[in-house]
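Reader: Hi! I'm in my first year and still learning to read protein models. Could you take me through one part of this one slowly?

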Amino acid sequence: MFYGCKNLTEIDPSFFVHKSDLTSAEGMFRNCYKLNDIPDGLFDPLINLTDVNYMFGRCFKITTIPKKMFANCKHIRKVDNMLYGVKMETLPDDLFDDLDELESAECAFYWTPLKRIPEKLFSNKRNLTNLKGCFS
């Protein structure tokens with residue numbers, strides 16, 4: 001949707017309010033080089049979301065993400081390349097807590113300068129089968 005919008009700096013927190021049927025946000029904000037942050041509650045309405053592959057890939061200005069970012073998105077299965085190149089050093093402890101259907105996190109944090117990885121980031125993810133290059 002916004003792939004390559006190089007001048008996009010912010011997202012209205014209510015952008016997804018009437019879009020609960022959305023199932024894929026693959027590459028939605030990819031290459032939005034000037035995007036500064038992800039608003040709290042942005043994804044709360046997306047109760048049917050299953051794929052956030054490359055959603056914020058190469059959004060180099062983002063340095064933090066909201067806690068419980070996907071609290072209402074319990075059906076997400078793919079987070080591949082989700083935060084590729086984002087300049088954050090820590091992840092919220094509860095980032096994937098509610099994602100019981102998570103299957104793949106391939107290169108999810110590729111080229112991200114993490115200094116700390118939460119101990120229980122992937123706890124109880126019984127369907128998780130792919131972590132290839134997750135922290136490369």
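Reader: I'd like a close look at the aromatic rings and what surrounds them. Which residues have the most contacts inside the largest nonpolar core, and which rings are linked into a cluster?

Author: Sure, let's start with the ground rules and then walk outward from the core. This is a predicted model, where local features need pLDDT of at least 70 and side-chain atom pairs count only at pLDDT 80 or more, while totals for chains, interfaces and linings use all residues. Residues are numbered from 1 along each chain as its sequence is written, and side-chain values use heavy atoms, with hydrogens and water left out.

Now the core. A nonpolar core here is a set of buried Ala, Val, Leu, Ile, Met, Phe, Trp, Tyr and Cys residues joined through side-chain atoms within 4.5 Å. "Buried" is under 20% relative accessible area, "exposed" is over 50%, and "partly exposed" is in between, using a 1.4 Å probe and protein chains only. The largest such core has 38 residues, and Phe 29, Phe 43, Phe 56 and Phe 109 have the most contacts inside it.

Let's zoom in on Phe 29. Its relative accessibility is 1%, so Phe 29 counts as buried. If you skip its neighbours within four places in sequence, Phe 29 is in contact (heavy atoms within 4.5 Å) with Phe 2, Leu 8, Ile 11, Phe 16, Leu 35, Met 55, Phe 56, Gly 57 and Cys 59.

On to the rings themselves. Rings of Phe, Tyr and Trp (its six-membered ring) pair if their centres lie within 6.5 Å; planes under 30 degrees apart are called stacked, over 60 edge-to-face, and the rest tilted. The structure holds 15 of these aromatic pairs. In one of them, Phe 2 and Phe 29 have ring centres 5.4 Å apart and planes at 5°, so they are stacked. In another, the centres of Tyr 84 and Trp 111 are 6.3 Å apart with planes at 80°, so that pair is edge-to-face. And your cluster: ring pairs link Phe 2, Phe 15, Phe 16, Phe 29, Phe 43, Phe 56 and Phe 70.

The edge-to-face pair deserves another look. Tyr 84 counts as buried at 12% relative accessibility, whereas Trp 111 is exposed at 53%. The charged end of Lys 87 also sits over the ring of Trp 111, 5.6 Å from its centre. "Over a ring" needs NZ of Lys or CZ of Arg within 6 Å of the ring centre and within 35 degrees of the ring normal. Arg 30 does something similar: its charged end sits over the ring of Tyr 54, 3.6 Å from the centre.

Trp 111 has a backbone quirk as well. Most residues other than glycine have a negative phi. Trp 111, though, has a positive phi near 60°. Lys 68 is not a glycine either, and its phi is positive at about 55°. Lys 68 is partly exposed, with a relative accessible area of 34%.

Lys 68 leads us to the charges. Side chains of opposite charge can pair when their charged atoms come close. A salt bridge here is a side-chain nitrogen of Lys or Arg within 4 Å of a carboxyl oxygen of Asp or Glu, and a search of the whole structure finds six. Lys 68 is linked with Lys 74 and Asp 98 in a network of them. Within that network, the side chains of Lys 74 and Asp 98 meet at 3.7 Å, N to O, and Lys 74 is partly exposed at 41%. Elsewhere, Arg 116 and Asp 93 form a salt bridge at 2.6 Å, N to O. Arg 116 is partly exposed at 37%, and Asp 93 is partly exposed at 47%.

Two more stops before we finish. Leu 95 is buried at 2% relative accessibility. Not counting residues up to four places away in sequence, Leu 95 touches Ile 65, Met 69, Phe 70, Met 82, Phe 109 and Leu 121. So Leu 95 is in contact with Phe 109, one of the residues with the most contacts inside the core, and with Phe 70, a member of the ring cluster.

Last, the cysteines. A disulfide is a pair of cysteine sulfur atoms within 2.5 Å, and the structure holds zero of them. Cys 32 is in no disulfide, as the nearest cysteine sulfur, that of Cys 59, is 5.2 Å away. Cys 32 is buried, with a relative accessible area of 0%. The sulfur of Cys 73 is 17 Å from the closest cysteine sulfur, in Cys 59, which is too far for a bond.
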